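Me: I'd like a close look at just one part of this structure. Could you pick a single residue and walk me through what surrounds it?

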Amino acid sequence: QVQLVESGGGLVQAGGSLRLSCIASGSTYSFNDIALGWYRQAPGAQRESVATVSSVGRVNYANFVKGRFTISRDGAKNTVYLQMNSLKPEDTAVYFCNAVDRWNGRTFWGQGTQVTVSS
């Protein structure tokens, strides 16, 4: 089991920045064996991928955040970050941290953190 705890959400004006953090823990897992990602879900919409980083550091971004968001992982802190710049009202959503075991594909989710961007 991997536990994921997000933080860093909040209310920001359009054009502003936020940094989300997600701390991963689990006695039977190594941080280096899990791929990590950020997903978001707006009211009435399906959950969608925002950015992912593999266990070896390969990153992938949704087109709608390229050039604005940056995902990174810190093995020393068992943490994955999402730096969000140039935020838009349409970025308003609950943002979820995701972890996937590279060996068996088991998937874990955090509880989510609300990001609200005002116009």
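Reply: Start with the side chain of Gln41, which reaches the backbone oxygen of Ala45 at 3.2 Å. That same side chain also makes a polar contact with the side chain of Arg47, this time at 3.4 Å. Keep in mind that this is a predicted model, so treat these distances as values computed from it.

Now, where does Gln41 sit? You'll find it in strand β4, which covers 34-41. Is Gln41 buried or exposed? It's partly exposed, because its relative accessibility is 28% and that label covers the range between 20% and 50%.

Next, look at who else touches Gln41. Skip the neighbours within four places in sequence, and you get contacts with Gln46, Arg47, Ala93, Val94 and Phe96. So Arg47 turns up here as a contact as well as in the polar pair. Ala93, Val94 and Phe96 fall in the stretch of β9 (93-101). Thr92 is worth finding too: it is 51 residues from Gln41 along the chain, yet their C-alpha atoms are separated by 8.6 Å.

Finally, step back to the strand itself. β4 is one of the elements that give two or more residues to the largest nonpolar core, and β9 is another. That core has 31 residues, and Trp38, Leu82, Met84 and Tyr95 touch the most other members. If you follow Leu82, you'll see that its contacts include Trp38 and Tyr95.

Key:
Residues numbered from 1 in each chain as written. Predicted model: local features only at pLDDT ≥ 70, side-chain atom pairs only at ≥ 80, totals over all residues. Heavy atoms only, no water. Core = buried A, V, L, I, M, F, W, Y, C linked by side-chain atoms within 4.5 Å. Buried < 20%, exposed > 50% of the residue type's maximum accessible area, 1.4 Å probe, protein only. Helix = DSSP H or I, 4+ residues; strand = E, 2+ residues; numbered from the N terminus. Contact = heavy atoms within 4.5 Å. Polar contact = N/O pair within 3.5 Å; in protein donor to acceptor, adjacent residues only side chain to side chain.
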